[in-house]
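Have the sequence and the model open side by side, and let's walk through them together. We'll begin with one charged residue and work outwards from there.

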Amino acid sequence: QVQLVESGGGLVQAGGSLRLSCTASGRTFSIYAMGWFRQAPGKDREFVGRMRWSDGNTFYADSVKGRFTISRDNAKNTVYLQMNSLKPEDTAVYYCAGDRAGGGAFEYWGQGTQVTVSS
């Protein structure tokens, strides 16, 4: 099993920045990729981006491309989501997730952290 714990959410004005962290523990060697998702009130969960653990390859949703960046610290088993130029529509609960098998199923999930962007 893998446990994921997010941190770093909060309230920020539009145009501002936040960095979210997600620290993994347990059988972290089994993770193929780490992803970030978000869910706004009344909306479906939305894919934000992911990083393949083996080579750091990243992929982003069009809605955040150029504004959000995923990075990692292997020594700390931590992945980050740097969010710049935030917009009110970025307001959501953000979740990190682990993909064990590489099929995009994301079997492991964190508890989520709230990000609120004021206009």
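**A buried charge and its partners**

Asp90 counts as buried because its relative accessibility is just 1%; buried means under 20% relative accessible area, exposed means over 50%, and partly exposed lies in between (1.4 Å probe, protein chains only). Before going further, a word on the ground rules: this is a predicted model, where local features need pLDDT of at least 70, side-chain atom pairs count only at pLDDT 80 or more, and totals for chains, interfaces and linings use all residues. Residues are numbered from 1 along each chain as its sequence is written, and side-chain values use heavy atoms, with hydrogens and water left out.

So what does Asp90 pair with? Side chains of opposite charge can pair when their charged atoms come close. Here the term salt bridge means a side-chain nitrogen of Lys or Arg within 4 Å of a carboxyl oxygen of Asp or Glu. One partner of Asp90 is Arg67, with the closest N and O atoms 2.7 Å apart. Asp90 sits in the loop between β8 and β9, while Arg67 sits in the loop between β6 (58-60) and β7 (68-73), so this pair ties together parts that are 23 residues apart in sequence. Arg67 is itself buried, given its relative accessible area of 11%.

Asp90 also forms a salt bridge with Arg38, and there the closest N and O atoms are 2.9 Å apart. That pair links distant parts of the chain, 52 residues apart: Arg38 is in strand β4 (residues 33-39), and Asp90 is in the loop between β8 (78-83) and β9 (92-99). With 5% relative accessibility, Arg38 counts as buried too. Add Glu46 and you have a network of salt bridges linking Arg38, Glu46, Arg67 and Asp90.

The structure holds five salt bridges. For one in other surroundings, look at Asp62 and Lys65, whose closest N and O atoms are 3.1 Å apart. Asp62 counts as exposed, at 66% relative accessibility, and Lys65 is partly exposed, with a relative accessible area of 49%.

Now find Arg52, which belongs to strand β5 (residues 46-52). Its relative accessibility of 23% makes Arg52 partly exposed. Leaving aside residues up to four places away in sequence, Arg52 touches Tyr32, Ala33, Asn57 and Arg72, where contact means heavy atoms within 4.5 Å. Gly102 is 50 residues from Arg52 in sequence, yet their C-alpha atoms are 8.7 Å apart in space.

Time to zoom out. The protein chain has zero helices and 11 strands; helices (H or I, at least four residues) and strands (E, at least two) are DSSP runs, numbered from the N terminus. Among contacts between residues at least 6 apart in sequence, 50% join residues at least 24 apart.

As for size, the C-alpha atoms fill a box of roughly 40 × 25 × 25 Å along the principal axes. The radius of gyration of the protein chain is 13 Å, which agrees with the value near 14 Å for a compact globule of 119 residues; this radius is taken over C-alpha atoms, and the globule rule is 2.2 Å times the number of residues to the power 0.38. Buried residues make up 42% of the 119 residues.
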